[in-house]
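Reader: I am in my first year of study and should be grateful for a close look at one part of this structure. Could you please choose a part, describe its packing, and then place it in the rest of the chain?

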Amino acid sequence: MKYVSLFLLTFQNVTSILLLRYVRTTTGPRFINSTAVLNSEIQKTILSIVLLLYEEGNVFRSLKLIYEKVFRETNDMIKTGIPAFLYTIQNYLLFVSISNLDAATCQVSFQFKIFTTAVFMVLILGRTFKLIQWFALFLLFLGVSLVQLENMTSTVPKQDVNAFKGLISVVSACILSGLAGVYFEKILKGSNVSVWIRNIQLGIFGIFFGCLMMLLQDGAEIHRKGFLFGYTDVVWLTITVQSAGGLLVALVVKHADNILKGFSTSAAIIISCIISMILFDFQLTTLFALGALLVIFSIFLYLKPDLVYQVPFFNKATKEKSILV
């Protein structure tokens with residue numbers, strides 16, 4: 001199950017970003033971003049209910065649990081409102097960023113969420129990190145910066161994109177992702193409620209905030225064109241793959257370790273770059289390659305700091321230091 005969940009997460013990471021890029025750049029009428037965010041929240045809620053039914057193994061017990069945790073324990077339910085709101089805005093910003101960045105650039109840049117998550121862990125959870133992990137986060141920041149520098153200064157003509165808008169969107173999405181993830185972790189660890197129940201609570205609030213954002217942001221356009229304007233089979237597939245992402249992460253955390261999760265992310269970056277060169281005429285530059293490699297290395301270093309001591313130079317330096325002491 002460990003390697004199955006790992007494969008599924010890697011596959012989801014690659015296909016979601018490539019499909020998003022495809023449906024936002026293909027010819028023909030484009031769907032309205034806010035409707036896709038709402039549909040994604042609806043699908044995640046339905047998937048969470050299905051997974052709860054599977055975990056409990058009893059329909060009546062599952063429905064009773066949903067009723068108690070969602071409709072009766074309202075004070076506990078309200079706690080998930082904040083991360084649900086943050087996740088909803090984050091998902092909308094992801095659609096904006098992928099509309100204005102190459103798939104590979106967006107894939108690498110979105111790893112900046114590791115940095116923002118670490119910062120919020122320190123501020124909210126009081127978590128401490130090893131010095132080598134802070135060094136890894138610095139390398140991550142540097143790698144993402146190099147990728148974005150290449151994107152902002154590229155002389156290759158890119159049709160129908162705004163590099164600055166894409167940068168602001170993806171950085172904002174990373175900040176919201178980090179804050180929402182840490183806040184959600186605090187809620188999960190502060191109670192014994194099932195993760196699927198929490199996801200159902202998130203989904204219900206996500207549907208509410210998604211509807212609100214859709215009406216405020218694109219109400220007039222939706223009234224004129226229709227809720228499902230621009231939807232095709234590929235668009236529905238894209239939304240479904242995107243919806244499954246968070247649930248797959250939970251599966252990997254349960255069955256695999258951090259190294260395998262890092263391997264999945266790194267593999268997704270490499271595969272996305274290769275496929276982007278084939279399908280989207282993405283040109284791999286030295287600056288982008290250097291930035292991507294720094295991001296991949298920093299992910300492994302952050303998740304497994306002891307890896308640095310496997311490098312002969314660092315291992316020798318550490319031993320010499322211990323002798324001097």
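Author: A term is needed before the part can be chosen: pLDDT is the predictor's confidence in each residue, on a scale from 0 to 100. This model is predicted, and its mean pLDDT over the protein chain is 80, with 83% of the residues at 70 or more. Confidence is highest in helix H10, residues 195-225, where the mean is 91. Helix H10 is accordingly the part to be examined here.

Two partners of H10 may be described in turn. Two packed helices are described by the angle between their axes and the distance between the axes.

The first partner to consider is helix H5, which spans residues 81-100. The axes of H5 and H10 come within 8 Å and cross at roughly 50°. An angle counts as oblique when it falls outside the ranges for roughly parallel (under 35 degrees), roughly perpendicular (65 to 115) and roughly antiparallel (over 145); H5 and H10 are therefore oblique to each other. The crossing in which H5 passes H10 is right-handed. On the side of H5, the contact is made by Gly81, Pro83, Ala84, Phe85, Tyr87, Thr88, Ile89 and Tyr92. On the side of H10, the contact is made by Leu202, Phe205, Gly206, Phe209, Gly210, Met213 and Gln217.

The second partner is helix H9, residues 163-189. H9 and H10 pack at an angle of about 130°, and their axes are 11 Å apart. These two helices are therefore also oblique to each other, and H9 passes H10 in a right-handed crossing. Phe184, Ile187 and Leu188 of H9 meet Val195, Arg198 and Leu202 of H10. Leu202 thus deserves particular notice, since this residue of H10 takes part in the contact with H5 and in the meeting with H9.

The wider setting of H10 may now be added. The protein chain has 14 helices and zero strands. Of its 325 residues, 47% count as buried. Among the contacts with a separation of 6 or more, 86% are accounted for by residues 24 or more positions apart. The chain exposes about 16800 Å², of which carbon and sulfur atoms supply 68%.

Other helices supply examples at the level of single residues. Leu18, in helix H1 (residues 2-25), is buried, with a relative accessible area of 10%. Beyond its neighbours within four places in sequence, Leu18 is in contact with Ala103, Ser272, Ile275, Ser276 and Phe280. Leu18 and Cys106 lie 88 residues apart in sequence, and their C-alpha atoms are 9.9 Å apart in space. Ile274, in helix H12 (residues 258-279), is partly exposed, with a relative accessible area of 44%. Helix H7, residues 113-125, has Ile114, Thr116, Ala118, Phe120 and Met121 as buried residues. H7 is followed by Gly126, whose phi is positive, near 70°.

A caution concerns the end of the chain. Confidence is lowest in helix H14, residues 312-324, where the mean is 47. Over residues 317-325 the pLDDT stays under 50, and for this stretch the model has one contact beyond four places in sequence. Where pLDDT is low, the predicted coordinates should not be read in detail.

How values were computed:
Residues numbered from 1 in each chain as written. Predicted model: local features only at pLDDT ≥ 70, side-chain atom pairs only at ≥ 80, totals over all residues. Heavy atoms only, no water. Helix = DSSP H or I, 4+ residues; strand = E, 2+ residues; numbered from the N terminus. Buried < 20%, exposed > 50% of the residue type's maximum accessible area, 1.4 Å probe, protein only. Contact = heavy atoms within 4.5 Å. Areas by Shrake-Rupley, 256 points an atom, 1.4 Å probe, with all protein chains shown as cover. Axes fitted to C-alpha atoms, helices over the stretch in contact; angles between N-to-C directions. Left-handed = near helix turned anticlockwise from the far one by under 90°.
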